[in-house]
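This report examines selected strands, residues and helix contacts of one structure. The sequence and the coordinates are shown next.

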Amino acid sequence: MSADLVIVANRLPVDRVTLPDGSVEWRPSPGGLVSAIEPVMRANDGTWIGWPGGTEQDLEPFEADGLQLLPMSMTQAEIEGHYEGFSNGTLWPLYHDLVAKPEFHREWWDSYVSVNKRFAEKAASIASEGATVWVHDYQLQLVPQMLRELRPDLRIGFYLHIPFPPAELFQQLPWRRQILEGLLGADLVGFQLPGGAANFVRLVRQRVGHKTHRDLVYLPDGRTVRAAAFPISIDAAGFEKLALTEAVVDRSKAIREALGNPRKIFLGIDRLDYTKGIYARLRAFAELIEDGHLDVEDAVFVQVAVPSREQVEQYRILRDDIDRLVGRINGDLGRIGRPAIAYFHTSYPREEMAALYSAADIMVVTPYRDGMNLVAKEYVACRTEDDGALVLSEFAGAADELRQAWLVNPYDLNGMKSALLEAYRSEDKDLTRRMRAMRKTIRHHDVAAWADSFMTELGSVSHSSHAKAVRPAKRS
Ligand code: F6P
C-alpha cells in the first residue's frame, strides 16, 4: 500500500458499530472534520488513517463510499488515556478558554505520546516518496515532528480545527514545549483564525526560542515553518441543493406541522458539549416566555443535542443538567401539545438536518468558544429563500465571516435575550438583507476553497524537492 496523499485524523469518517446481534455497521462519525476533508481525499485518491471508535483490534484497511480507509485500533487504556484523558480532559478545555477545568495527568500524557507515535509510524509506512501528509487536530499534535524524523522527504501539513489559546492559558500545560515542537515538524501549521496563528508564533518564540518573523518560524536546521489562518467552511452548494430537494422541502413542512405550526421556530443543533452554551441559551429562551415576551402558542425551541464523549465525566454532568433544565422549563411553561422546548438527544442524517434548518426561523448558535462552528454555516446555506435569522456567539470562529448575524456574548444572558427577541420580531426586509450577504460569503468561501488554499500554501512553503503536487478538490 502506498499513497501520494495521506490524511491522518484521530477519527475515520465512519465509526464501526457492533449491533446487538453481533453484526457490524459503519456509520458516519460525529463532527465537521469529515465533510471538510472528503472532497480533497476524493480528488487525490488519498488514504485516510484514523480510529473507527471502539476497541476492536487488527482491523484491515477497507474502502467505504470510494474512500480508502486505514483503521487504527486503540486499546481501552488508550481510549481512556489518549482520547478521553489527554485529548478531551486536558487539551479540549484548555484550548477552549478553560470553559471547564483541564486536568493534568502524567499517565494521560504518556498515552497521548504513544498513540501519536503509532499514527506517525503508520503514516510513514504508507506514504509514497515525496507524498503529502495532512495531519488533523489537537489529538495528534506530536505527529508532524515524529513523522518528519521518520520520513524527511514528505511534505507535511497540520490543521487545528479548534481554537489555539493565548499564551497565558497554553503555558499552564506541563508539556507545552513538546506540543510546540511536535507542531513545528510540519511545513505549514493551519489555524481557524489569525489570532490562533499569532498565539502559536508568539509561544514558539517565547517557549522554544526560535526566531520568528510575522507568520514564519526559522528553525536552526534551516527549515522554515509557516503558521497561518485558513477558516474552514462547508460544501455550500451541496447543502443548498439538498435543501431544495422535494424530500427535504416536504420533510421541512412536516416538521413545522408536527410542532403545531407555531409562528416561529427557534433551533439549536450541537454536539452535547459544555463549550456550546446550550444551557444558557435555553434559559434565555425560557425567561423570554416567563417575562411574557414570547408565548408557547407562538414559539418553540427545538434543541438537538448530538451524543458525544459520553464516558467523560464533564459530559455526563452536562447531559444531566440539560435533561433537568428541559424538564423544568417544559413542566413550568409548556401546555398540552405545546412544549416550550422540543429536545432530542440524538444525531440525524444530513437530510434531516437540512429539513430542520429549512423549518427553523431563528437559528441559535451560542458557544462560549468554538473553532469555527459549521452548523451556523450550514443553516445559512440551507436558507435558499434568503430568509431566517442567525443568532451567533461572538466567540465562534464563524462570527468573523458572518457579520450580519445577530452577534451575542453568550455570557451575557440579558444580551442574548434581547438578540433572540430582536431576531424574533425583525422584519422580512431586514432578514433578507442580512441573509443575502451571509449567503454570498458562504458561497464564495466554501470547503473546496478552504482545502485548495491550504494545499496551495503547503505546496509553496514546503522545503522538500521530492514532494509531488496535490490536486485541488472539485466543487459539487
Ligand atoms: O472538530 C473538533 C472535533 O474534536 C474533531 O476532531 C472530532 O472528530 C469531532 O470534533 C467530534 O469529536 P469526537 O471525535 O471526540 O467525537
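Strands β13 and β14 pair in the parallel sense over eight bridges; two strands count as paired if DSSP finds at least two bridges between them. Helices (H or I, at least four residues) and strands (E, at least two) are DSSP runs, numbered from the N terminus. The model is predicted: local features need pLDDT of at least 70, side-chain atom pairs count only at pLDDT 80 or more, and totals for chains, interfaces and linings use all residues. Residues are numbered from 1 along each chain as its sequence is written, and side-chain values use heavy atoms, with hydrogens and water left out.

**The six-stranded sheet**

Within the pairing of β13 and β14, I269 stands opposite V304 in β14. Strand β14 comprises residues 299–306 and also pairs with β15, again in the parallel sense, over five bridges. There, V302 has A342 of β15 as its bridge partner. These strands belong to an open sheet of six strands in the order β15-β14-β13-β16-β17-β18, with parallel pairing. At the edges lie β15 (341–345) and β18 (406–408), each of which pairs on one side only. Neighbouring strands of this sheet are turned by 15° against each other on average, direction ignored; the axes are lines fitted to C-alpha atoms, for helices over the stretch in contact, and angles run from 0 to 180 degrees between N-to-C directions.

Strand β13 (residues 264–271) is largely enclosed by the rest of the structure, because eight of its eight residues are buried. Buried means under 20% relative accessible area, exposed over 50%, and partly exposed in between (1.4 Å probe, protein chains only). In a regular strand the side chains alternate between the two faces of the sheet. For β13 both faces are covered: K264, F266, G268 and D270 are buried on one side, and I265, L267, I269 and R271 on the other.

**Strands β1, β7, β8, β9 and β12**

A further set of parallel pairings is summarised below.

| Strand pair | Bridges | Opposite residues or bridge partners |
|---|---|---|
| β1 (3–11) and β7 | five bridges | V8 and V135 |
| β7 and β8 | five bridges | V133 and I156 |
| β8 (155–159) and β9 | three bridges | Y159 and G190 |
| β9 and β12 (224–229) | four bridges | L188 and R226 |

Strand β7 (residues 127–136) is mostly covered, with nine of its 10 residues buried. In β9 both faces are covered: L188 and G190 on one side are buried, as are V189 and F191 on the other.

**The surroundings of Q192**

Q192 is found in the loop between β9 (188–191) and α7 (194–208). Its relative accessible area is 3%, so Q192 is buried. The side chains of Q192 and Y159 are joined by a polar contact of 2.8 Å. A polar contact is a pair of N or O atoms within 3.5 Å; within protein, one must be able to donate a hydrogen and the other to accept it, and residues adjacent in sequence count only if both atoms are side-chain atoms. The Q192 side chain also reaches the backbone nitrogen of I232 at 3.1 Å. Not counting residues up to four places away in sequence, Q192 touches Y159, L160, H161, A229, F230, P231, I232, G371 and M372, where contact means heavy atoms within 4.5 Å.

**The surroundings of A376**

A376 is placed in helix α13 (residues 374–382). With a relative accessible area of 0%, A376 is buried. Its contacts, leaving aside neighbours within four places in sequence, are V365, L390, L392, A398 and L402. A376 and A398 are 22 residues apart in sequence, and their C-alpha atoms are 7.2 Å apart in space.

**The contact of α10 with α14**

The axes of helix α10 (residues 278–290) and helix α14 (residues 413–425) come within 9 Å and cross at roughly 65°. The crossing of α10 past α14 is right-handed; a crossing is left-handed if the near helix is turned anticlockwise from the far one by less than a right angle, and right-handed if clockwise. From α10, the residues A280, R281, R283, A284, F285, E287 and L288 meet L413, M416, K417, L420 and L421 in α14. The residues of this contact divide into eight nonpolar, no polar and four charged. Ala, Val, Leu, Ile, Met, Phe, Trp, Tyr, Cys and Pro count as nonpolar, Asp, Glu, Lys and Arg as charged, and the others, Gly among them, as polar.
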